[in-house]
Amino acid sequence: MAVEKVYTKPKCLLPLSSGFCPGCLHSLATKLIAEAIDELGVAEKVVNVLPVGCSTMNSLYWKLDMVTSAHGRAPAVATGIKRCRPDALVFAYQGDGDLASIGLSEVMMAANRGEHITIFFANNSTYGMTGGQLAPTTLVGQKATTAPRGRNPETEGYPTDMCALLNVFKAPSFIARCALNSVSGVREAKRAIKRAFQHQLDGDAFSFVELMTNCPTNWGMAPLDTLKFMEENTLKQFPVGVLRDRKGEEQE
């Protein structure tokens, strides 16, 4: 009896096993972005910018043209590439330590200028690659190697909401936050990723998608427990939804 084939691995994703930590949702985000590129049929025109962090591992998995950048500088490098190659589909995939801390100025200025690039922001509320230090997105009370008693607003401040921060600027065309801890969330994330790419393909300004992820290793939890933690804690601090969609506004 023939078995129906229900899933085909994206052509722009190399046939390798994931090297991300077991249960880490970076691997799922990697796949969703690759699927979106395949479905849009734009792999030949993509240039991906990878900064420093766990996201750098995607240099092993995506079959795309890539450029690496210094820590936090991916939006600046992406801006330069897009201005030199306006026909290219340029995107960066960054973690929260990279984008919201070291590269905060870079992403804010790119958004304010309305650069015609797309940024995917993986938020797992920790510095994943470097050992679990406090990140700008670490929750109040959540422990980190540099906040062993948990984040205290009086000494470390409050979590940074990057979607809300970028939504202050007039230029961006698409800003959304999605969560990868449920089937429905994954579906919404896939739609948002494609939507963000489409904005750039149509010549619109800056597009930004925040992907809420986990970090079983640095959270010190089993993978399934991290999904529950996200639902009960992380997503209350960072609610999902589309904050801005200029295309949607035009259609209304």
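This briefing covers the sheet, one exposed residue and one helix pair of the structure above. The model is predicted: local features need pLDDT of at least 70, side-chain atom pairs count only at pLDDT 80 or more, and totals for chains, interfaces and linings use all residues. Residues are numbered from 1 along each chain as its sequence is written, and side-chain values use heavy atoms, with hydrogens and water left out.

**Sheet**
- Seven strands (DSSP E runs of at least two residues, numbered from the N terminus) form an open sheet in the order β2-β1-β3-β4-β6-β5-β7, with mixed pairing; two strands pair if DSSP finds at least two bridges between them.
- β2 (65-68) and β7 (241-245) are at the edges with a single partner strand each, so one side of each has no neighbour in the sheet.
- The twist from one strand to the next averages 20°.
- β5 (residues 174-179) pairs with β6 (residues 207-212) in the parallel sense over six bridges, and alanine 179 is opposite methionine 212 in β6.

**Threonine 68**
- Threonine 68 lies in strand β2 and is exposed, at a relative accessible area of 59% (exposed means over 50%, with a 1.4 Å probe and protein chains only).
- Between threonine 68 and proline 239 there are 31 Å in space, C-alpha to C-alpha, and 171 residues in sequence.

**Helices α1 and α7**
- The axes (lines fitted to C-alpha atoms over the stretch in contact) of α1 (residues 26-40) and α7 (residues 183-201) come within 9 Å and cross at roughly 50°.
- Contact (heavy atoms within 4.5 Å) involves residues including Leu28 and Ile33 in α1 and Val186 and Phe197 in α7.

Terms used
Helix = DSSP H or I, 4+ residues; strand = E, 2+ residues; numbered from the N terminus. Axes fitted to C-alpha atoms, helices over the stretch in contact; angles between N-to-C directions. Buried < 20%, exposed > 50% of the residue type's maximum accessible area, 1.4 Å probe, protein only.
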